[in-house]
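Biologist: Please take a close look at one part of this protein, the open sheet, and tell me how its strands are ordered, paired and covered. I would like one connected account that begins with the whole chain and then settles on that part.

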Amino acid sequence: MNGKSEEKTDRNLNFDAYTYGIEPGGLRSKSDINTIICYTVTKSKVKLTEKNITDTMAQGGIANYFEVADAFSRILKNGLLTEDKDGYLIASPQCRQLLEMVEKDLPLSIREKSINIATRLASKEIYSKENKVEIQKNERGFDVTMHITDMGEDFMVLKLNVPTKEQAEVIKDKFLDNPVKIYDNLINSLFSE
């Protein structure tokens, strides 16, 4: 064997990351975890925080939580990513250049999964900041009051009564997943013929 094929084989067998919590096909090397973090920040159409990325990797079974945290410490220390004043990640030109060379080394399914999950989590975080849900106990169960706001002002408030706290929490989570969808469905129902 020549040096190049041995080097390629060694790279493919360099599984140096903890695998607890990852799904089959998940990332098992530190360099791949670094790459998926840079890829997700660079290719995402929404602003992402370190928490968004860490949650994406853990929830998606893409990489071990502790390996992602360790990768972030290296990436931020080396300046591949920086954080703006609001905590959103910014890819450096060096990060973008490195990504051009190695992004195809990551499986397409992992790349797509990371973008989809990160976008969903970032959207939910934004919705949670902009819209609020209150759960209050009453004599019939629990009132769930959902506020859809725009520029700090309520433009729709929806109140539901449910018998259990668990149902109230499910409604809260579903609402915060996508309040715009709830609003659109309600408006479309009200104004359809």
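**The open sheet in its setting**

Modeller: From the N terminus on, the elements run α-α-α-α-β-β-α-α-β-β-β-α-α, which amounts to eight helices and five strands; helices (H or I, at least four residues) and strands (E, at least two) are DSSP runs, numbered from the N terminus. This is a predicted model, in which local features need pLDDT of at least 70 and side-chain atom pairs count only at pLDDT 80 or more, while totals for chains, interfaces and linings use all residues. Residues are numbered from 1 along each chain as its sequence is written, and side-chain values use heavy atoms, with hydrogens and water left out.

Along its principal axes the C-alpha trace spans about 75 × 35 × 30 Å. Buried residues (under 20% relative accessible area, where exposed is over 50% and partly exposed in between, with a 1.4 Å probe and protein chains only) make up 36% of the 193 residues.

The part you ask about is an open sheet of three strands in the order 3-4-5, with antiparallel pairing; two strands count as paired if DSSP finds at least two bridges between them. Strand 3 (132-138) and strand 5 (153-162) stand at the edges with a single partner strand each, so one side of each is left without a neighbour in the sheet. Neighbouring strands of this sheet are turned by 20° against each other on average, direction ignored, the axes being lines fitted to C-alpha atoms, for helices over the stretch in contact, and angles running from 0 to 180 degrees between N-to-C directions.

Strand 4 deserves its own description, because nine of its 10 residues are buried and it is largely enclosed by the rest of the structure. On one pairing, strand 3 and strand 4 are joined in the antiparallel sense over seven bridges, and they form a hairpin with two residues between them; within this pair, I135 stands opposite V144 in strand 4.

On the other pairing, nine bridges join strand 4 (residues 141-150) to strand 5, again antiparallel. Here M146 has L158 in strand 5 as its bridge partner, and D143 has N161 in strand 5. The hairpin of strand 4 and strand 5 has two residues between the strands, and in it M151 takes a positive phi near 55°. As background for reading such pairs, the side chains in a regular strand alternate between the two faces of the sheet.
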